[in-house]
Structure formats: structure tokens, C-alpha cells
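Good morning, everyone, and thank you for making time for this short talk. Please keep the sequence and the structure open while I speak, so that you can follow along.

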Amino acid sequence: MKRRDFVSGLGLATLGACTTAPTGQAARSFAAQLPPVKSSMDRVTRTVVGLRPYRPEGYRLDSETLGDKTVIHNYGHGGCGVTMSWGTATVAADMASAPRARDVAVLGCGVQGLTSALILARRGHDVTIYAADLPPHTTSNVAGVLWLPTGYFDEDVASPQFHDMDRKLIRLAYYGFLPYVNRPGYGVSWADHYSLGRRVPAARDELPGGDDIYPQLSVSTSGNLFGYAYQQRFNALIIDPDYYLDAILKDAQIAGAKVVRRSFGSIDDVMALKESVVVNCTGLGAGALFGDESLRPIKGQLTHLLPQPEITYSYVAPTSEGILYMFPRKTGLVLGGTHEFGVSTMEPDRAEISRMVTGHAALADRLGAVA
Ligand SMILES: Cc1cc2nc3c(=O)[nH]c(=O)nc-3n(C[C@H](O)[C@H](O)[C@H](O)COP(=O)(O)OP(=O)(O)OC[C@H]3O[C@@H](n4cnc5c(N)ncnc54)[C@H](O)[C@@H]3O)c2cc1C
């Protein structure tokens with residue numbers, strides 16, 4: 001995938017249903033009132049690394065018969081597995097319910113496995129989750145998370161059929177999260193989000209899934225945050241996966257799902273399961289387990305800063321040094337912006353930590369400098 005896909009996925013684009021933001025003095029005074037991110041090395045609490053499970057054609061969501069089993073595949077969500085979870089897991093659960101088997105095995109305990117298991121258990125299936133790693137040790141725990149469908153397909157490779165399905169699932173995913181907003185213990189809240197651009201695009205595409213699922217969307221070409229030439233501002237959901245995964249794991253267990261810690265070395269291990277219906281949510285693990293050679297890691301790294309409760313905004317900003325983004329959580333600020341294609345090492349990159357900390361500090365210094 002090209003870098004442009006990440007950026008274009010953030011919705012750089014014709015004024016549609018959205019409004020034009022205030023300009024001039026009104027915008028200037030607004031941005032100047034935002035509290036700055038205090039980004040310095042002595043405020044860093046930790047840096048985490050994860051591998052996004054990326055497929056150029058987009059996530060795999062289908063059903064196949066293997067021996068006497070129906071296997072439903074739900075993996076390969078790249079940089080948007082949390083965002084898409086209520087969409088893709090609902091379809092996976094529908095496919096798993098179709099054979100009318102009572103017992104269902106769910107492979108994987110990341111966000112896709114947990115959401116699939118929760119939906120199936122609530123429907124009355126006898127669900128067992130089998131996974132090598134459980135929260136907090138999954139890739140899903142590493143994620144940011146800004147609810148925004150980006151970074152999960154290559155525009156030149158994904159089919160029109162994928163895009164048709166994906167648009168419906170983006171909307172399903174969005175509405176799936178709404179009941180969790182500000183619910184105690186789930187770690188889901190609104191932020192005032194800014195997607196920034198260095199140039200004003202000739203035309204503006206709708207945001208993924210349709211502009212109407214981005215509340216208070218406005219587009220502006222002056223008076224923008226950090227002095228950027230172009231800005232799309234809307235309310236976006238921030239999801240803290242550490243809270244969220246624990247909460248939905250508990251919900252799945254309350255609904256009757258069981259959890260078994262187990263690593264599958266080969267497809268034969270899967271075929272030996274007692275359940276005749278298997279939902280495969282093994283993320284990047286699906287590559288080796290089911291022989292999917294299109295699955296590739298995209299290494300990502302996030303640096304966490306001490307909390308700043310006064311910060312309730314988030315941003316994604318392209319800079320000459322690469323993309324920078326910041327998402328606010330109760331437990332701290334999350335700084336990100338690394339995408340290393342095909343890299344599968346789990347070592348934090350010190351140069352990237354430095355780029356994050358100094359890059360966000362430089363942006364904070366430009367808070368008052370509204371163009
Ligand atoms: C730095 C970073 C930032 C991100 N930011 C965002 C964001 O802002 N928004 C967003 O939506 N997404 C984001 N993502 C992407 C997101 O993390 C993934 O898309 C998502 O976690 C995929 O979920 P999953 O459930 O498919 O896989 P995982 O969370 O990886 O879970 C896979 C499960 O399968 C199990 N498993 C795998 N292989 C086997 C095996 N052989 N045997 C038994 N069990 C197995 C694992 O143990 C685990 O339980 C980010 C990712 C990274 C790394």
C-alpha cells in the first residue's frame with residue numbers, strides 16, 4: 001500500500017453535506033484556546049509495537065468448507081481492525097449461524113474474535129474462543145484507536161465488490177460502537193478530531209462510509225489547526241483497547257463463551273476441533289495457519305505520554321518527516337504515525353520515538369499560528 005492510501009483514507013477531499021468551518025478571527029481564537037500537547041522525552045511512559053495484518057485486496061470475510069467443517073474467515077483488517085469490528089464480526093457471526101450448529105469455535109481473542117464470539121454467544125450458540133494470546137497481549141491491545149476506516153487495502157488492488165461490501169460494513173461498524181460511548185469501563189469516548197492536509201485538494205471525496213457518520217463535519221481552507229492549508233474537522237470516537245477488550249471479553253463470558261488458551265501449529269490442529277463451525281479471527285496468524293500469502297505485516301509503533309485530561313481533541317497531520325497523529329486517552333496521550341511495510345520485528349525504533357516526541361512538540365508550538 002502506498003502512503004497516499006493512508007492520507008486519502010483520511011478523507012482529503014468537494015464540500016458535500018458538510019458545512020464550511022468558521023474562518024478568520026473566529027477560527028484563530030478557537031485554535032489558540034486549545035491546550036497544547038506537552039511532548040517531551042521526560043513525559044514518555046512507554047512505547048509499544050504491533051504488526052497490522054494487511055492484505056492489499058482488503059480483509060477476508062467469507063465462508064469455506066474444509067473437510068467436515070465450515071470455516072468462516074474474518075481477518076486481515078490492516079490498520080482498522082478495531083474500527084471495523086462491529087461490521088465484519090456481525091457478518092462473520094451471520095455466516096457462522098447459517099449451518100444451525102449449536103457449538104462454534106472462534107479462533108483468536110483480539111477484537112475480531114471477541115466481537116464475533118460475543119455476538120454468537122448472545123444468539124445462544126455454545127462458543128469456545130481458542131487463542132494463543134489473550135488481552136492484554138494481542139495486536140488489538142496495541143492499537144491507537146481512532147474510529148476511522150483507513151489503511152486496510154490498496155486502491156489499485158481492492159475490487160469494486162470489496163468496496164460495495166466495505167461501505168455497508170463501515171456503517172454497521174460505526175453504529176455498533178455508539179451504544180458504548182461513555183459507558184463506564186468500556187473506554188469509548190468522543191474527541192474533536194482534525195484531519196489536516198498540506199494542500200487543498202482539487203475535489204473532495206466523501207469520508208469512508210458517507211459524510212453523515214462523521215458528526216459536525218466541517219471543511220476549511222483557512223484558520224486551520226497548526227496553520228495547515230486544509231482541514232476536515234468532525235467528532236470521532238476514540239477507543240482505548242485495554243479497557244474495551246477487557247469489557248467485551250467479560251460480556252462474552254457473561255453471555256456464556258468459554259476461553260481456552262491454545263496455539264494452533266497447523267490446519268490439522270484446527271480440523272481436530274470438536275466444533276463443526278469455526279470462525280477464523282487469527283489476524284496475522286492466518287497467513288501461516290491457512291496459507292494466505294497475501295497477508296503482510298505493517299509494523300507500527302506508538303509512544304504514550306503522561307495524561308493531559310484537558311486534551312479532548314485528536315489530529316492526523318502529514319509533515320515533511322511523515323504522518324503524525326495524536327489520540328487522547330484517560331491513561332495518557334497516544335502519539336503515532338509509523339507504517340513499515342513488510343517489517344515484522346517487534347523492537348521499538350528509537351529514531352521513531354524521537355521523531356514522534358519532537359514532531360508533536362513542534363506542532364504544539366504552532367497552535368497559535370493559524371494560517
Ligand atoms: C501501532 C498500531 C496502531 C493501530 N491503530 C489502529 C487504529 O487507530 N484503529 C484501528 O481500527 N486499528 C488500528 N490498528 C490495527 C488493529 O490493531 C488491527 O487491525 C486489529 O488488532 C486486528 O484484530 P484481530 O482480532 O484480527 O487480530 P489480533 O488482535 O492480532 O488477534 C489475533 C488473535 O489470534 C490469535 N492467533 C493468531 N494465530 C494463532 C494460532 N496459530 N493459534 C492460536 N491463536 C492464534 C492471537 O493469539 C490473537 O488472540 C493499529 C495497529 C497497530 C499495530
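**Around the ligand, the sheet and the salt bridges**

I would like to begin at the ligand, where a backbone N or O atom of G78 lies 2.7 Å from an oxygen atom of the ligand. Please keep in mind throughout that what we are looking at is a predicted model. G78 is one of the residues that come nearest to the ligand, together with G81, T83, D133 and S140, out of the 39 residues around it. Two further backbone contacts involve nitrogen on the ligand side: a polar backbone atom of A132 is 3.0 Å from a nitrogen atom of the ligand, and a polar backbone atom of F264 is 2.9 Å from a nitrogen atom of the ligand.

Let me now turn to the sheet. Six strands make up an open sheet with mixed pairing, and if you go across it you meet them in the order β3-β4-β11-β5-β6-β10. The strands at the edges are β3, residues 60–66, and β10, residues 258–261, each of which pairs on one side only. On average, neighbouring strands of this sheet are turned by 20° against each other, if we ignore direction. As background for those of you who are new to this, strands of a sheet pair through backbone hydrogen bonds, and they can do so either parallel or antiparallel.

Both kinds of pairing can be seen if we follow β4, because this strand runs antiparallel to β3, while it runs parallel to β11, and strands of a sheet may pair in either way. Seven bridges join β3 to β4, and one pair to look for is T65, whose bridge partner in β4 is T70. These two strands form a hairpin with two residues between them, and in that turn G67 has a positive phi of about 55°. On the other side of the pairing, four bridges join β4, residues 69–75, to β11, residues 277–280, and here I72 stands opposite V279 in β11.

How many of the seven residues of β4 are buried? Seven of the seven are, so the strand is largely enclosed by the rest of the structure. In a regular strand the side chains alternate between the two faces of the sheet. In β4 you can trace this residue by residue, since K69, V71, H73 and Y75 point one way, T70, I72 and N74 point the other way, and all of them are buried.

Which helix lies across β4, β5, β6 and β11? That is α4, and it runs at about 170° to β6, which spans residues 126–131.

The helix α4 also brings us to the salt bridges, of which the count comes to 17. In one of them, the side chains of R122 and D251 meet, with 3.9 Å from N to O. R122 lies in helix α4, residues 111–122, and D251 lies in helix α7, residues 241–254, so the pair ties together parts that are 129 residues apart in sequence. D251 is buried, with a relative accessible area of 12%.

A second salt bridge stays within one helix, for R355 and E352 are three residues apart in helix α10, residues 350–365, and are therefore separated by about one helical turn. Their closest N and O atoms are 2.8 Å apart. R355 is buried at a relative accessible area of 14%, and E352 counts as buried too, at 18%.

A third example is the salt bridge between D211 and R204, whose closest N and O atoms are 3.0 Å apart. D211 sits in the loop between β7, residues 188–197, and β8, residues 218–220. Is D211 buried or exposed? D211 is buried, with a relative accessible area of 6%, and R204 is buried as well. Finally, R55, E57 and D292 are linked in a network of salt bridges.

I will finish with L51, a residue in strand β2, residues 44–54. At 12% relative accessibility, L51 counts as buried, and if we leave aside its neighbours within four places in sequence, its contacts include T139, L284, P297 and V343. By contrast with those contacts, the C-alpha atoms of L51 and D68 are separated by 32 Å, although these residues are 17 residues apart along the chain.

Conventions. Residues numbered from 1 in each chain as written. Predicted model: local features only at pLDDT ≥ 70, side-chain atom pairs only at ≥ 80, totals over all residues. Heavy atoms only, no water. Salt bridge = Lys/Arg side-chain N within 4 Å of Asp/Glu carboxyl O. Buried < 20%, exposed > 50% of the residue type's maximum accessible area, 1.4 Å probe, protein only. Pairing = 2+ DSSP bridges. Axes fitted to C-alpha atoms, helices over the stretch in contact; angles between N-to-C directions. Contact = heavy atoms within 4.5 Å. Near = heavy atom within 4 Å. Polar contact = N/O pair within 3.5 Å; in protein donor to acceptor, adjacent residues only side chain to side chain.
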